[in-house]
Amino acid sequence: MPSPASAIVNERWPRILVRSPNWIGDAVMCMPAVQRLHELHPHAHIALLCPAKLHDLWRHNPYLNDVIPVSDKIDFHA
């Protein structure tokens, strides 16, 4: 159980983690979904986990608070 002073307990707005598709075309096609998620939860902190090769595609997206690149050697489909 986290302490009452923990950020987990005191978090006022939700924190959402989205996993990007592995391929550029699929990632581009899911951008409207990220926008809609932001519209539904305007105060949420939205982070996106993506393959490192797609980091530049996502890093300027105005609907994301964080973009977390992951080594291309990790297989998301495993």
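User: What pattern does the protein chain follow when read along the sequence?

Analyst: In this predicted model, the order of elements is α-β-α-β-α-β. The secondary structure comprises three helices and three strands.

User: Why is Pro-51 called buried?

Analyst: Its relative accessible area is 4%. The cut-off for a buried residue is under 20%, so Pro-51, at 4%, is classed as buried. Pro-51 belongs to strand β2, which spans residues 45-51. That strand is mostly covered, with five of its seven residues buried. In space, Pro-51 lies 6.3 Å from Asn-22, C-alpha to C-alpha, although 29 residues separate the two in sequence.

User: What makes β1 and β2 a pair of strands?

Analyst: Pairing requires at least two bridges between the strands. Five bridges join β1 (residues 15-19) to β2, so the requirement is met. The two strands run parallel. One of the bridge partnerships links Arg-15 with His-45 of β2.

User: How do you know that β2 also pairs with β3?

Analyst: The criterion of at least two bridges applies here too. Five bridges join β2 to β3, and these strands run parallel, so they count as paired. Leu-49, for instance, has Ile-68 in β3 as its bridge partner.

User: Which elements make the right-handed β-α-β unit?

Analyst: The unit consists of β1, α2 and β2. Its handedness is called right-handed because, with the strands pointing away from the viewer, the path from the first strand over the helix to the second runs clockwise.

User: Why does Asn-61 count as buried?

Analyst: The relative accessibility of Asn-61 is 11%. Since a buried residue has under 20%, Asn-61 falls in that class. Asn-61 is located in the loop between α3 (55-58) and β3 (66-70). Beyond residues up to four places away in sequence, Asn-61 touches Met-31 and Val-34.

User: What makes the approach of Asn-61 to Tyr-63 a polar contact?

Analyst: A polar atom of the Asn-61 side chain lies 2.8 Å from the backbone nitrogen of Tyr-63. The limit for such a contact is within 3.5 Å, so the distance of 2.8 Å satisfies it.

User: Which helix has the lowest mean pLDDT among the elements, and which the highest?

Analyst: Helix α1 (residues 7-10) has the lowest, at 54, and helix α2 (residues 24-40) the highest, at 97. The protein chain averages 86, and 77% of the residues score at least 70. Where pLDDT is low, the predicted coordinates should not be read in detail.

Note on methods. Residues numbered from 1 in each chain as written. Predicted model: local features only at pLDDT ≥ 70, side-chain atom pairs only at ≥ 80, totals over all residues. Heavy atoms only, no water. Helix = DSSP H or I, 4+ residues; strand = E, 2+ residues; numbered from the N terminus. Buried < 20%, exposed > 50% of the residue type's maximum accessible area, 1.4 Å probe, protein only. Polar contact = N/O pair within 3.5 Å; in protein donor to acceptor, adjacent residues only side chain to side chain. Contact = heavy atoms within 4.5 Å. pLDDT = per-residue confidence, 0-100.
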